[in-house]
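Thanks for making room for this on the agenda; I would like to take you through one chain and then through its contact with a partner. Please have the sequence and the model open while I talk.

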Amino acid sequence: MAAAFEYAQAEEIRDVFARHGVRYLFLGNSGAILLGYPDTTQDADVFAEKTPENGRALVGALRELGFSVTEDRASEIERGKDFVQLKDGPFDLDLVFAPDGIERFEDAWQRRVEVEGFPVCHLDDIIASKAAANRVKDRETLPRLLAFREHWQRTR
Amino acid sequence: MKVREATADERRSWQDEFEAAARRPLRQRFRYAFIRTYKPVLDDAPYRSFDSMAEYRAWCEANLPSWLGYGRGV
């Protein structure tokens, strides 16, 4: 189990992914936190574009960040699994290639919000994703997240 | 999906939290937000991959303790 995710590691993701040309967005609670939502979470969720080129760029970036990406794992990431959990790197990272509630990466990319250079899914996409996932923890979170959306829209 | 309606007290309390968070720099918000607690089963493998989100959701339902909240049931 890795240590807690830190701001410096988010900066590393941002900088290394940019160097490798990875197309991605922060999603889930980590995305909401970047947008200002006060909550707790464990890992970073990254919504990556599902193309072989982006998969290859992602594998290179993950290796540079210190994740153990074997050839088998690299092949899975490049081939396009929908969901990959990495728990043996410098921090825990969930790679989501087809999040519930978001049709296409390109649509989410057009709606993205930049926070200190971090590309983040629009709050509406984060909410849509949680609503579509419909897990117990999403149902518990959504009333507060919807209240945050009102605050965010008023103050951004 | 039906989302529970927040009470007036909840909304007031959350609003205070949102305003307090907005006064903190992102680096500090990170420190408060990312915590580490062991999640049984979920944290017990170094790597997992799923062909589809439906497969992942089904795996969560079948394998994770319900109290973690990853399932769809009550």
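**Chain A and its contact with chain B**

In chain A, 42% of the 156 residues count as buried, meaning that 20 or more other C-beta atoms, placed from the backbone, lie within 10 Å of the residue's own. I should say early that this is a predicted model, in which local features need pLDDT of at least 70 and side-chain atom pairs count only at pLDDT 80 or more, while totals for chains, interfaces and linings use all residues. Residues are numbered from 1 along each chain as its sequence is written, and chains are lettered from A and ligands numbered from 1 in the order in which they are written.

Chain A has 7 helices and 6 strands, taken as DSSP runs numbered from the N terminus, with helices being H or I of at least four residues and strands E of at least two. From the N terminus on, their order is α-β-α-β-α-α-β-β-α-β-β-α-α.

Turning to the contact, 42 residues come from chain A and 35 residues from chain B, where two residues are in contact if their C-beta atoms, placed from the backbone, lie within 7 Å. On the side of chain A that touches chain B, α1 (7-20), α4 (71-79), β3 (83-86) and α7 (136-155) of chain A each supply at least two residues, and α7(A) gives the most, with 11 residues.

Finally, β3(A) pairs with strand β1 (residues 47-50) of chain B in the antiparallel sense over 4 bridges, pairing requiring that DSSP find at least two bridges between the strands. There, F83(A) stands opposite F50(B) in β1(B).

Technical notes: A residue is buried if 20 or more other C-beta atoms lie within 10 Å of its own, exposed if 12 or fewer, and partly exposed in between; C-beta atoms are placed from the backbone.
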